[in-house]
Every structure is written in C-alpha cells, then in structure tokens.
Amino acid sequence: IQISLSLPLWISSHKHRTGVVADWCFRGTSHGKDEVDGGCDDCKNAIGREQLKADRGETSRVKTSMEAFEFLKNNFSTFAKSFYDKKGGGVFRRVFHYVPAHGDDCVSRNIRGCGTLKGIKKMHQLLDIGKPGKLRVRTRSCHACEGCWEDSKNCKNNERCGVPWTETLRPQAHRQLQESSDELAARGIAIAHEAKRGDVLCIMVRKEHEPWILGKVCGDLGAYEMKTSTDTEFAVLVPGDIVVEVRKLQPVNPGTKVFDIVGD
C-alpha cells in the first residue's frame, strides 16, 4: 500500500471540517471496484487511440489536461449503443468536468501533510474520531456488527480484525505546490504567441550544467515542418507543433556580461 503523507491528517480532520465522519479502508487490488473504474480505463484508452492516430498524422496530439478534457467532452460523452437500445440499462451519458490546479475554479490540493506513520502498511482502516491529528486504526475493518458501528472498540470481531488503537499524527508545514508540466507548457505557448522578433527570452532547458539560457527571437510563430520528431535541449518536437525560432545568446568573451548570437 502506498499512502500519501497528507491522507491520514486529512482523514483525521474530516468530521471537524464537514461534520461527517470519514472511515477510510484499504483492500486488495481486486476488491472495492466500481463502475467508474472501468469508465476511467475507457477514457484513457480513447485518448491513447487518439495519440496513435496523431503518430500516423491523421489528427493532432493530445498534449495537456485541458486538451484531454475537450477531446473527451466532444468525442466520448455518448455511447455507440443508445440508451434505448440498451433497454434503459447501463450508463446514459458521460459528463466531464475540468478542475484546474490554480485559479478561481480550482480545488485546493495544498493539503497539509504529516510525519511518517510507523507501521501504516499494516493499517487497513483509518477512522476519524472527531479530533484533528488523531486516528483510530486497526489491521482489518469489520463494519459488520452493531458494536463496530457504535464504537469500533466494542467490535465483536476484534479477534479476527484486530483490536483498534489510537495514533497521534505529527503535522508538517504546508507544502508549496509547483506548476504542473501542463501549466508550464500552456505558459510557454502563451509567451510564444506574444513574442516578437528581437525579444529576448529566458528559457529553461534540459541540462544539469545549464538549466536555463538566454535566447533572441529571430523568427515568427509557425508549425514545426520537419517530417519526423526531433529531441532538442528544450523538448521533443513533433511535426505540427507550434514553434518560434529562437537563437541562443552567449557571452562574447569569457567573464563578460555582454551577450550576442555566436555562430550559426
């Protein structure tokens, strides 16, 4: 089991924040599935097929989460077999919502974490007891007897499920969220659209010894016209990508603060 260090603290404060008790249980990978699991797989497969079409030049690639949302909303909301043909059974329609990482419509992901909870891999139930920073845990959940619903300490299946105990969490400072690759790509595309010939840009590159460079815009915005993909120090360029020509600026002499285009 891989559990985020923010999850236990979030569970412990759920009743305090919402008035609803949170009871989080972990099961085997073959249990606890629902209709949504298969639906999510179908969505990923649909995007994967679209990417294969892009490799053959039949369509454009899906590069960002927003593009994935638009593709699914426009192409995957309805089913090939109508609800009438299915005699009113199954799912009627898929509805997609885009939740940005930042901005007015975002859901805050800046959830406070906690220190490592020793032995958490053996804890298959994390129960909110209404006290932020404290959890009642056990090796296996019951949910079958009246005593368990009233208070897991009175569970009739303690011998089989294990006697619950209370864990105290160690809260950590809030973490600073970093921009996702999608957000960085979107910002880069916006800057490229605004850039004009002669502008100087500071560009992040994929080099340990040179994480960023200065570049001068020497061309207009256009499509990448090579027939095959090219791996550059900036990114992997795919035919049809929107690019702008930038020439690297380098010091004219060692130690100088004067930069210019050197070489081709």
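**Exercise 1. Find the residues with the most contacts inside the largest nonpolar core, and the elements that supply it.**

Solution. Start with the term: a nonpolar core is a set of buried Ala, Val, Leu, Ile, Met, Phe, Trp, Tyr and Cys residues joined through side-chain atoms within 4.5 Å. Buried means under 20% relative accessible area, exposed over 50%, and partly exposed in between, with a 1.4 Å probe and protein chains only. The largest such core here has 13 residues, and those with the most contacts inside it are I11, L117, M123, L126, L135, V137 and L169.

Next, assign elements. Helices (H or I, at least four residues) and strands (E, at least two) are DSSP runs, numbered from the N terminus. At least two core residues come from each of α1 (7–12) and β3 (134–138). The largest share, three residues, is that of α1.

Now take one member, L169. Contact means heavy atoms within 4.5 Å. Apart from neighbours within four places in sequence, L169 is in contact with P8, L9, S12, C114, L117, G133 and L135. A second, separate core has 10 residues, including A68, F69, F71 and F96. As background, nonpolar side chains in soluble globular proteins tend to be buried together.

The model is predicted: local features need pLDDT of at least 70 and side-chain atom pairs count only at pLDDT 80 or more, while totals for chains, interfaces and linings use all residues. Residues are numbered from 1 along each chain as its sequence is written, and side-chain values use heavy atoms, with hydrogens and water left out.

**Exercise 2. State whether L72 is buried or exposed, and list what it touches.**

Solution. First, place L72: it is in helix α4. Its relative accessible area is 8%, so L72 is buried. Setting aside residues up to four places away in sequence, L72 touches C43, I47, S77 and F96. For L72 and F96, which are 24 residues apart along the chain, the C-alpha atoms are separated by 7.4 Å.

**Exercise 3. Compare the surroundings of D241 and K87.**

Solution. D241 is in the loop between β9 (236–237) and β10 (242–243). D241 counts as buried because its relative accessibility is 11%. The D241 side chain reaches the backbone nitrogen of V238 at 2.9 Å. Not counting residues up to four places away in sequence, D241 touches K63, G222, A223, Y224 and V236.

K87 is in the loop between α4 and β2 (125–128). With a relative accessible area of 79%, K87 is exposed. The phi of K87 is near 60°, a positive value in a residue other than glycine.

**Exercise 4. Describe the lining of the largest pocket.**

Solution. On a 1 Å grid over the protein atoms alone, a pocket is an open set of points where a 1.4 Å probe fits, with protein on both sides within 12 Å along at least five of seven lines; lining residues have an atom within 4 Å of a point. The largest pocket holds about 1600 Å³ of space, the volume being the space filled by probe spheres set on the points. Of its 40 lining residues, A185, G188, I189, A235 and I242 are the closest to its centre. Elements giving two or more residues to the lining include α3 (35–55), α7 (181–194) and β5 (200–204). The largest share, 10 residues, comes from α7.

**Exercise 5. Give the overall composition of the protein.**

Solution. The secondary structure comes to seven helices and 12 strands. Of the 264 residues, 26% are buried.

Conventions. A polar contact is a pair of N or O atoms within 3.5 Å; within protein, one must be able to donate a hydrogen and the other to accept it, and residues adjacent in sequence count only if both atoms are side-chain atoms.
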